[in-house]
Amino acid sequence: MIKNLSTFFVGIALSCLAGCTPIPKETTATKEYAPLEVPVPERPAGQQDVIELTTPKLDTVRVGFIGLGMRGPSAVERWTHIPGTKIVALCDLLPENAEKAQKIVTNAGMEAPALYSGSEDAWKQLCERNDIDLVYIATDWKHHTEMGIYAMEHGKHAAIEVPAAMSLDEIWALINTSEKTRKHCMQLENCVYDFFELTTLNMAQKGLFGEVLHVEGSYIHNLEEFWPYYWNNWRLDYNREFRGDVYATHGLGPACQLLNIHRGDRMKTLVAMDTKAVTGPELVKQYQKEEAPDFQNGDHTMTFIRTENGKTIHIQHDVMNPRPYSRMYQLTGTKGFANKYPIEQYCFRPDQIDSTSIPDHENLSMHSAVPEKVKEALMSQYKHPIHQELEETAKKIGGHGGMDFIMDYRLVYCLRNGLPLDMDVYDLAEWCCMADLTRLSIENGNAPVAVPDFTRGNWNKVDGYHHAFAQ
Ligand SMILES: NC(=O)c1ccc[n+]([C@@H]2O[C@H](COP(=O)([O-])OP(=O)(O)OC[C@H]3O[C@@H](n4cnc5c(N)ncnc54)[C@H](O)[C@@H]3O)[C@@H](O)[C@H]2O)c1
């Protein structure tokens, strides 16, 4: 009986396969679906790219800060420890925020910076001063781009907190302004300087992982304790209005550096998918005392990206739900593997490891992480030159364990030595474009979307990602 029944069902299945719903033959072969394309505006006449841009050396980097809420004052504090700098001016819409930040500077025994506050446009006066070289922007996301553009238009370099731009229009405006004014426009992506990330990047650049094929990154951070403190509730409002991965840069930045994006490879196509929005509307009820049936940002957003050279990237975003903090940071190479969260680990083909200098090398296998002692020895052997110089000071001064200090220090170092910055405006563009492009994919049934070439043809001009060092 059972035998007969199963024969019956198999028969139905086969007849369906054979007759009712024939599967077209071509679906088994690779089929090219044309991705959705977004327009790439032509480079304005007379303008050139700013890849490896260098600008005249600055003896002292004179800085003005705009945006002194939760994030800005810690940057001001860090800058009081960086040699060759002068904090000239501070601006926040709220006078009390500007005054508090001024105290950080005077408490460090430095001259009181000029203050700008009290009006929506006071920051413009800061940008218009003629004794500032760099404008450092740490406001809410919606103000970033207009402030960066105005700073460059007034002869200043711009350093902008993450994400520096929220739409393709804003991205192109920053690129065009940087190219036109020949001023640096750097996104303040601190996570590329963290200790495991830079060490692993160094290992990758020395070939320890073979060919890096796949990388993962994420921003999984339950923001429960922060929601009530954002100025004017800007962050929750933004998530309420926009679908897609609106905060991709912490996960994507380190991933792109591992893959030499716009230095020999480029992101070509992406596909994004999100869950429905459940916690977001609850947060609106809790903090804004209203219903939000229109809440746009899904609780969890996933993005898959394929590169010109056939590599893949997986990025995730969830700031709503209870999960341990994770930026993921994972890489798969032909000869090794690295993973940062929840535990830092490496795995290698045994012949990748120099057995003379590494303890416990006889315990290596290709299907488990290397023992702790091996990991420690490797991490010390491959410590990045930036960390060799700065780790001790950075850990003392702090800022997410030291990486924020390293970011600021490197920015100053490169400006003082007339070197290209570690991150250029095209990095900014590639890491920020996720907001608009993932939204486009999701709103079109998770369709593939083409990632524009923000360098407008020059993504292959530089061979590999590298940090600049003065001679
Ligand atoms: N890289 C990191 O690790 C990291 C960490 C936290 C925040 N951030 C980024 O830093 C930025 C600021 O975040 P936050 O948490 O400090 O937000 P926040 O709301 O605490 O601060 C924003 C500040 O901007 C000020 N502001 C608003 N409009 C202004 C205007 N017109 N002129 C001058 N000031 C104005 C507000 O008064 C407020 O003090 C965001 O871009 C955020 O994503 C980055």
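What radius of gyration would a compact globule of 471 residues have, and what does the protein have? The rule gives a value near 23 Å, and the protein has 25 Å, which agrees. Before I go on, a caution: this is a predicted model.

Next, the overall dimensions. Along the principal axes, the C-alpha atoms fill a box of roughly 90 × 65 × 50 Å. Within the protein there are 15 helices and 14 strands.

Now to burial and contacts. Of the 471 residues, 55% are buried. If we take contacts between residues at least 6 apart in sequence, 75% of them join residues at least 24 apart.

On the surface, the accessible area comes to about 20,900 Å². Carbon and sulfur atoms account for 53% of that area.

Then the charges. The protein carries 45 positive and 63 negative charges. How far apart are the mean positions of these two sets? They are 2 Å apart.

I will finish with one element, helix H13, which covers residues 403–416. At 1.5 Å a residue, its 14 residues should span 20 Å. The end C-alpha atoms of H13 are 20 Å apart, so the expected span and the model agree.

Is H13 enclosed or open to the outside? Buried residues make up 13 of its 14, and therefore H13 is largely enclosed by the rest of the structure. Just after this helix comes Gly418, with a positive phi of about 60 degrees.

That is the end of my part.

Methods: Residues are numbered from 1 along each chain as its sequence is written. This is a predicted model: local features need pLDDT of at least 70, side-chain atom pairs count only at pLDDT 80 or more; totals for chains, interfaces and linings use all residues. Side-chain values use heavy atoms; hydrogens and water are left out. Helices (H or I, at least four residues) and strands (E, at least two) are DSSP runs, numbered from the N terminus. The radius of gyration is taken over C-alpha atoms; the globule rule is 2.2 Å times the number of residues to the power 0.38. Buried means under 20% relative accessible area, exposed over 50%, partly exposed in between (1.4 Å probe, protein chains only). Contact means heavy atoms within 4.5 Å. Accessible areas come from the Shrake-Rupley method with a 1.4 Å probe; for residues, only the protein chains shown count as cover. Lys and Arg count as positive and Asp and Glu as negative; His and the chain ends are not counted. The place of a charge is taken as NZ of Lys, CZ of Arg, CG of Asp or CD of Glu. The expected span of a helix is 1.5 Å times one less than its number of residues.
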